[in-house]
Amino acid sequence: MNSIWNTNIDLFAKRFPALKDILCEDIAFFEKETEEGKSPLPLEFIAAKNGSPTAVYTADMAGAEGAKTAAIPLHSKYNPEREAEQLVQQFNRNDFDAAVFLGFGLGYAPIAFAEANPSTPLILIENNPLFLFAALNTLDFSKVFSHQNLIFVTKTNANTAVSVLASYKAERIKIYSSKAHTAHDPSFANEFLELFKRSLQKDEINTNTLEKFSRLWMKNSMANLPYLAKCDGVRKYRSALLQLGGKATELPFVILAAGPSLETVLPHLAKLKESCVLVCVDTALHALVKAGIEPDFIVLVDPQYACARHLEFLKAPSSVLITESAAYPSVFRFECRETVMCSSLFPIGQYFENRLGQKGKLGAGGSVATTAWDFARTCGAKRIYLAGMDLGFPGKQTHIRGSQFEERAHRSSSRTHTAESDGTASLLGASPSLSKDYMGNAILTDKRMSLFAWWFESNCLTALKDGQTTFTLTPQSLAIPNISISSPEELLLECSAKKEELMEAKKKFFEQAQKNSSSIKAEEEKNALPSFENVLLEFKENLLNLQALSKKGLTLCQSAIQNRTKVREVNAKLSEIDSQILNSKGKDAAALVFPTERQLSAKVKELPEAAQNDPMLKPIYYSRLIYSELQKAVKAYLDLV
């Protein structure tokens, strides 16, 4: 092997020893083929006009006239270095937090990027390790391997590759992708880009949701704080089936969502409840109670008032309600067997749980059905069944008849705004598109539901690897990879064959959960966790400290604006204040009602002209804006404490 390869592979081994071990067989194959003069890849290496090495990829193309081959240049045939430099000039540090190269040919662009941006996170994705080795055998990658924030992704699937980017905001990632560099594996590249596009949509939805509902989340959380001390957490059910062992893990969990197809399963639920655990999402409860069925669990985790109304005028004395501290306060007055809480997704609940004890995390994919499914998974169920989880509009219906969605539409209908108008708005409100159900028939879905389907696709695959299989009892639903087809009749037949065993397993499951609850309480007493009253007092003190710091910062900013000679002195003091704020235990709670980046950008544009054009005062004006918004956020909490 040549000296470039030897140097690069040594640097690779030092920087990524575990990855090098994973690729050891591929490395050995590449070295053997290369040393024997064979080409392990369909690449023709040539010299560019300026003498630099480049290559042409020979691709097999299928066309109307049969199979053809195409010669695809990986880089400029004149000056590949200049081409790479021009490409990475598109990167603006102010606009992006990370750069991703999806395929990179022989590596000219990543090398140029590493030199120009030595600290900006750099992620190199080349799924075929042989193409990665071809680059390492051709160009000096020492600048890449010495980069401060470098990640290599190879020999994996598109889902895993996208998950590597999870620590960065999707809209702050710059993707470099060339068809020439992905022509050898277009399916991987296309799937990666599609998944990344979905993560962009998810981030946008999350930002929109935060801007719209953050104040509601704060008010609900503050009103419900005492329940964090009173209610058990779902962690008492975690792995309860696995603790029982044996055939208990065969106990099926059935997730009941409010899609139109739930109608086909309703007649079977009374029998299924005998030997299955029924987990109902809040939107489906009205239809179940109307059919005379009380599920074992009801899941409601959405803080909106509209979701609380799904429980309105209902009761389920034998059901356990799973909710979280940001739910609308009336939810905690629902008449049921017991109310248990999952860990909050919001910073106020997280603050108190960190001091009073964790409730138990459940996955959140944007739909309450994702949380219900994850609850079944964490209990240790080997078989999870979905019913009414349509993620589309079979028969152009939006929800099962009798659900609160349909009842509310009828209650609020008028001559000029009928119930049918509401249905049409649901059908057409989020970029509708046609897809396929499990039987291959067309089903109308939309962008929002496609994101939920993606969540199930990836999480069901992870569960499969752990021996947990997900089925659908309603094949009219949107088809999701990694979910198998079953039927209520088939499930009933299986359950009847071992009815006594499953009934006993269900009984012991709930008994084990109560034993776990006692153990958790004993552990918390042993650790001498503080009282709720003391944690609430500490929370208020942290908020008052944040308020004092922001007030001090505002005063300093104003003094610098009025007297430019104080700018240097003020900047030093502001750095100390910022450090204290970042170390404050109350900052995360305040962040909930703090403006989003998008909102802050809009407010910056409204600052005085001096803030826009004066390089000395611009940071001072920006700091003043931050302290002012922090004061507003803290006051919003203090008004509720």
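## A four-strand sheet and its surroundings

Let's begin with an open sheet of four strands, arranged in the order S6-S5-S4-S7 and paired in parallel. Strand S6 (150-153) and strand S7 (173-177) stand at its edges with a single partner strand each, so one side of each has no neighbour in the sheet. On average, neighbouring strands of this sheet are turned by 15° against each other, direction ignored. Please keep in mind that this is a predicted model.

Within the sheet, strand S4 (residues 98-102) and strand S5 (residues 122-125) run parallel and are joined by four bridges. If you would like a spot to look at, find Val100, which stands opposite Ile123 in S5.

**The protein as a whole**

Stepping back, the secondary structure of the protein comes to 27 helices and 17 strands. Here are some overall values for the protein.

| Property of the protein | Value |
|---|---|
| Box filled by the C-alpha atoms, along the principal axes | roughly 80 × 75 × 60 Å |
| Residues that count as buried | 50% of 641 residues |
| Exposed area | about 30400 Å² |
| Separation of the mean positions of positive and negative charges | 5 Å |

Carbon and sulfur atoms supply 51% of the exposed area. The charges behind the last row are 73 positive and 72 negative. As for how the chain meets itself, take the contacts between residues at least 6 apart in sequence: 70% of them join residues at least 24 apart.

**Helix H5**

Is helix H5 (residues 108-116) largely enclosed or largely open? Seven of its nine residues are buried, so helix H5 is largely enclosed by the rest of the structure. The buried residues of H5 are Tyr108, Ala109, Pro110, Ile111, Ala112, Phe113 and Ala114.

**Leu311 in its loop**

Now for a single residue in a loop. Leu311 sits between helix H14 (305-308) and strand S11 (316-323). Why does Leu311 count as buried? Its relative accessibility is 5%, and buried means under 20%, so Leu311 falls in that class.

Which residues is Leu311 in contact with, once its neighbours within four places in sequence are left aside? They are Leu285, Ile298, Leu300, Leu321, Val331 and Phe334. Glu81 gives another reference point for Leu311: these two residues are 230 residues apart along the chain, and their C-alpha atoms are separated by 64 Å.

Definitions and conventions: Residues are numbered from 1 along each chain as its sequence is written. This is a predicted model: local features need pLDDT of at least 70, side-chain atom pairs count only at pLDDT 80 or more; totals for chains, interfaces and linings use all residues. Side-chain values use heavy atoms; hydrogens and water are left out. Helices (H or I, at least four residues) and strands (E, at least two) are DSSP runs, numbered from the N terminus. Buried means under 20% relative accessible area, exposed over 50%, partly exposed in between (1.4 Å probe, protein chains only). Contact means heavy atoms within 4.5 Å. Accessible areas come from the Shrake-Rupley method with a 1.4 Å probe; for residues, only the protein chains shown count as cover. Lys and Arg count as positive and Asp and Glu as negative; His and the chain ends are not counted. The place of a charge is taken as NZ of Lys, CZ of Arg, CG of Asp or CD of Glu. Two strands pair if DSSP finds at least two bridges between them. Axes are lines fitted to C-alpha atoms, for helices over the stretch in contact, and angles run from 0 to 180 degrees between N-to-C directions.
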